[in-house]
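Biologist: Please take a close look at the salt bridges in this one for me. Once you're done there, add anything unusual in the backbone or the interior.

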Amino acid sequence: MDDGVLNDNNDSTCVKQNNITIDWQLEIQVVTWVRLVFTSNDDIADVEALYFEDQSSEPYESCDHHRLQFHKTRNTAIDFHCESSLFIRSLKVSWQSDSPLCSVYVSGARNVAPGSRKVKWRAEEKRPITIDTLTDGNYGNTGCLAMNSSVTLEFSFWKNVYSSEVRFFTDFTRDDGKGSFFIELFDESSKLRLSMSSSGNDVFVQRAFFMNMIVVSFIKIKVLSGSLNLCEVEIFGDCDTPYYGYSCVDVCYLTCLDQICTYEGECYLCDPSRTGIFCEDRTLNNANDSFESDGKSTEATINSLEAKSSTAKKSQPIVFVVFLLIFSLFFLSIVFLAIKNCPKK
């Protein structure tokens, strides 16, 4: 990949090519979605992604344009992902287009810890205490939590999230810390989904890498032995379907296919009868069918009204005759009574 152009965070510098290879060499990466930025995305077609787990010539996963979740962003970019997140060392992407490529972005999910519902810690059986300095983006030694085997830290989320990795940042100014973190992941029914220990080259930055996407409702963190001053926690993942947004409390539109949408709530794919960024518009054929249906319905209504009008017109003379007979009988009865009650001379 042309690092000087495609990795410069400048979408105005571009190169003409129809494929890229991203190689992380010996380090495994989590890849959720990829964004390619072009000068225009009007003619982008036949996008294919090959995911490699190692240096072999055969891809670990192959996603052509039939399997890719594909979404055009504004007029220049495309976002795509291959059904689920993958753990890989190399990624090859190809496409057909006359538009130059300007930038490449790869996401292994995002840090969902700042959007969590509550972060609290407790010492043994004491009352839990809320703490908000472990997700504020400050990696310094202010607001750190002294952790040992008697302290349990818990992250709970508004809605389910899926996660692949947790990172821990301890106090860089202290060299007396020792130990590792023990992580437990629980689902919404409080069932333990996974437990493991963190690892790292030193105690200052440690990570727990799950090698899979785990759907969780809350996470518990402990130090089994030793003591560590924990200053920041990052939980990499994203909202579980059908939720999206910063805290995963917003719901994707029902019109999105499988109710899957981007961080901003835009649909990746629509039902064949729908179109638009939120799949809120009907496609042309569907709209024409609707117009034809409406036309037939209107015509039927008019015919029905005409039939009722015709029936009403035909029934008017009959009603008049009946009314005339009733009136005549009433008049004759009055005359009869008048004659009967008339005094005789």
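Modeller: I'll start with the charged pairs, then move on to the backbone and the interior.

Bear in mind that this is a predicted model. It has four salt bridges in total, and the place I'd zoom in on is E165, because E165 is buried at 5% relative accessibility, well within the under 20% cut-off. Its carboxylate is shared: E165, R167 and R207 are linked in a network of salt bridges. On one side, R167 pairs with E165, with 2.7 Å between the closest N and O atoms. On the other, E165 and R207 meet at 2.8 Å, N to O. That second pair joins distant parts of the chain, since E165 belongs to strand β15 (residues 151-170) and R207 to strand β18 (residues 205-223), 42 residues apart. Both arginines sit in the middle class for exposure: R167 is partly exposed at 29% relative accessible area, and R207 is partly exposed at 27%. So the picture is a buried glutamate with a partly exposed arginine on one side and another partly exposed arginine on the other. As for the general idea, side chains of opposite charge can pair when their charged atoms come close.

Also among the four salt bridges is R35 with D79, where the closest N and O atoms are 2.6 Å apart. This one bridges distant stretches too: R35 lies in strand β3 (residues 33-38), D79 in strand β7 (residues 77-81), and 44 residues separate them. The acid is again the buried partner, with D79 at 5% relative accessible area. R35, at 22%, counts as partly exposed, because the buried class stops at 20%.

Now the backbone, where I'd check three spots. T241 and P242 are joined by a cis peptide bond, with omega of about 10°. You'll find P242 in the loop between β19 (228-239) and β20 (243-244). Then there are two non-glycine residues with positive phi. S190 has a phi of about 65° and sits in the loop between β16 (181-186) and β17 (192-197). Its relative accessible area is 47%, so S190 is partly exposed. D258 has a phi near 60°, in the loop between β21 (250-251) and β22 (274-275). D258 counts as exposed, because its 58% relative accessibility is over the 50% cut-off.

Last, the interior. There is one cavity of 30 Å³ or more, with about 50 Å³ of space in it. Its lining is made up of V112, G115, S116, F157, W158, K159, V161, Y246, S247 and C248. By type, that gives six nonpolar residues, three polar and one charged, and the charged one is K159. Domain 2 (113-239) and domain 3 (241-278) each supply at least three residues to this lining. If you want to see those two domains side by side, colour the model by domain and look at the cavity from there.

Methods. Residues numbered from 1 in each chain as written. Predicted model: local features only at pLDDT ≥ 70, side-chain atom pairs only at ≥ 80, totals over all residues. Heavy atoms only, no water. Salt bridge = Lys/Arg side-chain N within 4 Å of Asp/Glu carboxyl O. Helix = DSSP H or I, 4+ residues; strand = E, 2+ residues; numbered from the N terminus. Buried < 20%, exposed > 50% of the residue type's maximum accessible area, 1.4 Å probe, protein only. 1 Å grid on protein atoms, 1.4 Å probe; cavity = no way out; pocket = protein on both sides within 12 Å on 5 of 7 lines; lining within 4 Å. Points joined across faces, edges and corners; volume = space filled by probe spheres on them. Domains from an automatic or database assignment.
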